[in-house]
Amino acid sequence: MIISSPTDYREAARRRLPPFLFHYIDGGANAEHTLKHNVSDLSEIALRQRVLKNVESLSLTTELFGRTLAMPVALAPVGLTGMYARRGEVQAARAATARGIPLTLSTVSVCPIEEVQKASAAPIWFQLYVLKDRGFMKNALERAMAAGITTLVFTVDMPTPGSRYRDAHSGMSGPNAAFRRMLQAVLHPQWAFDVGLMGRPHDLGNISAYRGQPTKLEDYIGWLANNFDPSISWKDLEWIRDFWKGPMIIKGILDAEDARDAVRFGADGIVVSNHGGRQLDGVRSTARALPEIADAVKGEMKILADSGIRSGLDVVRMLALGADAVMLGRAFIYALAAGGEAGVANLLDLVAKEMRVAMTLTGARSIGEIDRNMLAL
Ligand SMILES: Cc1cc2nc3c(=O)[nH]c(=O)nc-3n(C[C@H](O)[C@H](O)[C@H](O)COP(=O)(O)O)c2cc1C
């Protein structure tokens, strides 16, 4: 299949992956309205075309949490990444490092923290969920610090998992799930060999390391359902703030009041996110929520945004709406599933190329020059 744009990777991933994995990535909560609006609202953001601005020397670099990034982009934490490509977290981290940006490793990754950080020439970011088992949380933070990770992404929009109905239909969960998954794997021999056979062990690396026994894919859904903690409040986060020495980013903010609370809490940044439409269907798209959050807290901490970004043009749109940087979720996962490390590296090149074109045609020479003035209202 010919890949000429960042969005080509979705179809390439669909062909390669067993359906239970493709739909796990591609799907959202309930009727998937928020998932759709994340993409459509963002794509409707119009930019001002500007001319004769001398944009010959153009730079995508940005400063974020004490590091210069090649562009204002990070790879989002995505659970089970090692099921979409062989040792997927390692491949994604290598591609991200080569392109001068960080990968955020999910709590529920297949590859454990140490394996991914060891393979990566620069520090990755680590994402932690609020879990009932505080012992696990402390252990994960200690291991991340010991591995040399300094940036923590703390995800707060999953006190309980959303209702993802596609998973039951696809065989990810539901009746005869294990049998259906095996059948699908047999019908996708490339994936079965590359990931199913060569990508083992298939467990939740960080959790297995803590429990001292493998946590298999079969246990994943149950583990998620039983371990998220709906009793959590800002107060419970204080020990983490004190324990973690580096920058702490709160991921999953969609409301200006919560963004102000994050400033009061002492966060170094937030990710404006609805978890890619996978949690509460019917909440606003991030493109719609971001401007008022930026009005409330811009300049007091870094604002990252995700959900619905599928291209370099979308990155520029999010920056114009008020983000300092963005996270790519499905966009990079589709590329990883389709082409591994090379796929992610190529995706990032395509994203950078689109950003350059968009900046040239809007007259922005640097990331700092992308602001609301660029929006055509
Ligand atoms: C398959 C999948 C798994 C995810 N797992 C996690 C996770 O483990 N931790 C987390 O904070 N967010 C997780 N997310 C949410 C992403 O970090 C990100 O917020 C979301 O994908 C952004 O939306 P987009 O995919 O439309 O860009 C996951 C998203 C997907 C698609």
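Here are some notes on the ligand site, the cavities and pockets, and two backbone details of this structure.

1. **Before you start.** Please keep in mind that this is a predicted model. Every value below was computed from it, so read the numbers as features of the model.

2. **Where the ligand sits.** A good place to begin is the largest cavity, since the ligand sits there. Two elements give two or more residues to the shell around the ligand: the helix α2 (19-26) and the strand β5 (125-129). Try finding both in the viewer before you zoom in.

3. **Who surrounds the ligand.** There are 23 residues around the ligand, and the nearest of them are Pro77, Ser106, Thr155, Asp306 and Arg330. Sorted by class, the shell has eight nonpolar, 10 polar and five charged residues.

4. **Polar contacts to look for.** Which side chain has an N or O atom 2.6 Å from an oxygen atom of the ligand? That is Asp306. Arg330 takes part through its backbone: one of its polar backbone atoms is 2.8 Å from a ligand oxygen. On the nitrogen side, a ligand nitrogen lies 2.9 Å from an N or O atom in the side chain of Tyr129. As for cover, the ligand on its own has 600 Å² of accessible area, and the protein covers 99% of that.

5. **The cavity itself.** The structure holds four cavities of 30 Å³ or more. The largest, the one with the ligand, has about 420 Å³ of space. It is lined by 30 residues, and Pro77, Val78, His275, Arg278 and Gly329 are the closest to its centre. Pro77 may look familiar, as it is also among the residues that come nearest the ligand.

6. **What builds the cavity wall.** At least two lining residues come from each of α2, β5, α11, β10 (325-328) and α16 (330-362). You have already met α2 and β5 in the shell around the ligand. The lining of this cavity divides into 15 nonpolar, nine polar and six charged residues.

7. **The largest pocket.** Now turn to the open spaces. The largest pocket has a volume of about 470 Å³. Its lining counts 21 residues, with Val156, Asp157, Pro159, Gly252 and Asp258 closest to the centre. By class, that makes 11 nonpolar, seven polar and three charged residues.

8. **The second largest pocket.** How much space lies in this one? About 400 Å³. Of its 15 lining residues, Met83, Trp191, His202, Leu217 and Glu218 lie nearest the centre. The helices α8 (177-186), α9 (189-197) and α11 (217-227) each supply at least two residues, and α8 gives the largest share, with four. Nine of the lining residues are nonpolar, two are polar and four are charged. Notice that α11 also supplies residues to the lining of the largest cavity.

9. **A cis peptide bond.** Most peptide bonds are trans. The bond from Arg200 to Pro201, however, is cis, and its omega is near 5°. To find the spot, look in the loop between α9 and α10 (205-211), where Pro201 has its place.

10. **A positive phi.** Most residues other than glycine have a negative phi. Leu80 is worth a look here: its phi is near 60°, a positive value in a residue other than glycine. Leu80 lies in the loop between β3 (73-75) and α4 (88-98).

Technical notes. Residues numbered from 1 in each chain as written. Predicted model: local features only at pLDDT ≥ 70, side-chain atom pairs only at ≥ 80, totals over all residues. Heavy atoms only, no water. Near = heavy atom within 4 Å. Polar contact = N/O pair within 3.5 Å; in protein donor to acceptor, adjacent residues only side chain to side chain. Areas by Shrake-Rupley, 256 points an atom, 1.4 Å probe, with all protein chains shown as cover. 1 Å grid on protein atoms, 1.4 Å probe; cavity = no way out; pocket = protein on both sides within 12 Å on 5 of 7 lines; lining within 4 Å. Sits in = over half its atoms within 2 Å of the grid points. Nonpolar A, V, L, I, M, F, W, Y, C, P; charged D, E, K, R; others polar. Points joined across faces, edges and corners; volume = space filled by probe spheres on them.
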